[in-house]
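Q: Could you walk me through one spot in this protein where two helices pack together? I'd like a close look at that part, plus enough of the overall picture to place it.

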Amino acid sequence: MTRGSNIMSNDAHCLLRSLRKSDRPEWERLWTAYLEFYETSVAREVYDKTFERLMADDYWEPSGLVVERTGPDGSTGNLAGLVHYLYHAHCWTLERACYLQDLYVDPDCRRSGLGRKLIEGVYAAAEADNVTTVYWMTQDFNSDARALYDQVGRLTPFIKYSHP
């Protein structure tokens, strides 16, 4: 199984691609902003281990896609967004499922289609890996993201519970 490693898409202003080791500083900037949006933080060790897992060539570890800004001449620049996703077994189907865990786009790039591009990248990776279901969660107050999610997914009636 490929974990979607060959996902790449290019258009006039951005390149959707798999996360690379050289992306660590930009990935860290984006993921920090994502965590701050949700008013949380994680220890340095979690950053290190998460990036290590994202770089692992292991089907059961999380994967990452990024959107890289491109110039009119095709040159590349900073990352504008990221998405993390992971596959897991599911007790209700024979097929694996994909959990889209983190999605973030720089505020100055929002409403430009990059969030949709990242989600569609996860859909393509899952399809390439014969994973039939992709799902995610968001907080109810995240109205900007939910406006996109209502277009690319289906709202379910499930409510999340957790135990520390």
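**A helix pair in its setting**

A: Let's begin with the whole chain: among contacts between residues at least 6 apart in sequence, 60% join residues at least 24 apart. Keep in mind that this is a predicted model. The protein has four helices and six strands, and reading along the sequence gives you β-β-α-α-β-β-β-α-β-α. Its radius of gyration is 16 Å, close to the 15 Å the globule rule gives for 164 residues, so the protein is as compact as a globular protein of that length. The C-alpha trace spans about 50 × 35 × 35 Å along its principal axes, and buried residues account for 41% of the 164 residues.

Now for the helix pair. Two packed helices are described by the angle between their axes and the distance between the axes. Here the partners are H1, residues 24-37, and H2, residues 44-55. They pack at an angle of about 120 degrees, and their axes are 12 Å apart. That angle makes H1 oblique to H2. As for handedness, H1 passes H2 in a right-handed crossing.

Who actually does the touching? On the H1 side, the contact is made by Arg 24, Trp 27, Glu 28, Trp 31, Thr 32 and Leu 35. H2 answers with Arg 44, Val 46, Tyr 47, Asp 48, Thr 50, Phe 51 and Leu 54. Sort the residues of this contact by character and you get seven nonpolar, two polar and four charged.

Notes
Residues numbered from 1 in each chain as written. Predicted model: local features only at pLDDT ≥ 70, side-chain atom pairs only at ≥ 80, totals over all residues. Heavy atoms only, no water. Axes fitted to C-alpha atoms, helices over the stretch in contact; angles between N-to-C directions. Helix = DSSP H or I, 4+ residues; strand = E, 2+ residues; numbered from the N terminus. Parallel < 35°, antiparallel > 145°, perpendicular 65-115°, else oblique. Left-handed = near helix turned anticlockwise from the far one by under 90°. Contact = heavy atoms within 4.5 Å. Nonpolar A, V, L, I, M, F, W, Y, C, P; charged D, E, K, R; others polar. Rg over C-alpha atoms; globule rule 2.2 N^0.38 Å. Buried < 20%, exposed > 50% of the residue type's maximum accessible area, 1.4 Å probe, protein only.
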